[in-house]
Amino acid sequence: MKRLMMAAVGLTGVLASCGVDVVVDPGVVPVSNLQLKSYQSQYTLPTAYTDTQTGQTYAKGSSIICDNLNTRLSVDVTFNGTINLFGARLEGRDTGTTKTVYSQPLGNTTSGNPSTFEFVVGPNTAPLSVKAGKLGAQAIVVTPVNTFTVKGATFVSVQAQSADGTNSNLVKSVQAIPVADCGI
């Protein structure tokens, strides 16, 4: 046992004298402090709109989910630790109905501060997919819609999971995104 310990100390000394940095991979660091920084839809409102059900006013250029079209939605998040899965949930403001999608395993990814996740909301607000393992700069081309009829609104919530099974806090958007039938 003493010989093994002496060999380990000796090897460390030899490597240090060669100018080699020995880095120990910490492996899985449980995810914590997930924060939703922003979200953006590929479609935006062409004019200001006041929701007749809630009185909420949405400014010109606000994100909108087109219920009759595939809509790309991206979310920017920050977090501490590492994540292996990322999930996004849409929750109907008026119905409470939810749809959730998860990424493919991401392999203990650390935060890009922020990290961007993108998914597609299909017609009738059913999420289709989260791009597998894609973290990076926002790539959505924003398109104003020409005509729209607001049908409701949905909140976006996000959650991440570490490879050890630790779940982050669930973070919900502050404002619901209008859901409408759109003409482009």
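**Close-up views of a predicted model**

**View 1. The stacked ring pair.** Phe 86 is buried, and Phe 117 is buried too. Buried means under 20% relative accessible area, exposed means over 50%, and partly exposed lies in between (1.4 Å probe, protein chains only). This is a predicted model: local features need pLDDT of at least 70, side-chain atom pairs count only at pLDDT 80 or more, and totals for chains, interfaces and linings use all residues. Residues are numbered from 1 along each chain as its sequence is written, and side-chain values use heavy atoms, with hydrogens and water left out. The structure holds one aromatic pair. Phe 86 and Phe 117 form this stacked pair, with 3.7 Å centre to centre and 5 degrees between the planes. Rings of Phe, Tyr and Trp (its six-membered ring) pair if their centres lie within 6.5 Å; planes under 30 degrees apart count as stacked, over 60 as edge-to-face and the rest as tilted. The pair links distant parts of the chain, 31 residues apart: Phe 86 lies in strand β8 (residues 85–92) and Phe 117 in strand β11 (residues 115–122). Helices (H or I, at least four residues) and strands (E, at least two) are DSSP runs, numbered from the N terminus.

**View 2. Strand β6 and its two partners.** Strand β6 covers residues 71–80. Eight of its ten residues are buried, leaving the strand mostly covered. Strand β1 (residues 32–41) pairs with β6 through seven bridges, in the antiparallel sense. Two strands pair if DSSP finds at least two bridges between them. Gln 35 stands opposite Thr 78 in β6. Strand β11 also runs antiparallel to β6, again joined by seven bridges. Here Thr 71 stands opposite Val 121 in β11.

**View 3. Arg 89 and its neighbours.** Arg 89 is found in strand β8. Arg 89 counts as partly exposed because its relative accessible area is 23%. Its contacts beyond four places in sequence are Thr 98, Lys 99, Thr 100, Phe 155, Val 156, Ser 157 and Leu 170. Contact means heavy atoms within 4.5 Å. The C-alpha atoms of Arg 89 and Thr 100 are 4.2 Å apart, with these positions eleven residues apart in sequence numbering.

**View 4. A charge over the ring of Phe 155.** The charged end of Lys 172 sits over this ring, 4.6 Å from its centre. A charge sits over a ring if NZ of Lys or CZ of Arg is within 6 Å of the ring centre and within 35 degrees of the ring normal.

**View 5. Backbone at Asn 113, Pro 114 and Asn 33**. Most residues other than glycine have a negative phi, and most peptide bonds are trans. A cis peptide bond joins Asn 113 and Pro 114, with omega about 0 degrees. Asn 113 also has a positive phi of about 45 degrees, although it is not a glycine. Asn 113 lies in the loop between β10 and β11, and Pro 114 is found in the loop between β10 (109–110) and β11. Asn 113 is exposed because its relative accessible area is 54%. Asn 33 has a positive phi too, near 55 degrees. Asn 33 is found in strand β1. At 40% relative accessible area, Asn 33 is partly exposed.

**View 6. Val 141 beside Gln 42 in space**. Val 141 is found in the loop between β12 (126–130) and β13 (143–144). Val 141 counts as exposed because its relative accessibility is 61%. The C-alpha atoms of Val 141 and Gln 42 are separated by 5.9 Å, with the residues 99 apart along the chain.

**View 7. Confidence along the chain.** The protein chain has one helix and 16 strands. Its average pLDDT is 77, and 76% of the residues score at least 70. pLDDT is the predictor's confidence in each residue, from 0 to 100. Among the elements, helix α1 (residues 2–17) has the lowest mean pLDDT, 41, and strand β15 (residues 171–172) the highest, 94. Over residues 1–18, pLDDT stays under 50, and the model has two contacts beyond four places in sequence for this stretch. Over residues 126–138, pLDDT also stays under 50, but here the model has 35 such contacts. Where pLDDT is low, the predicted coordinates should not be read in detail.
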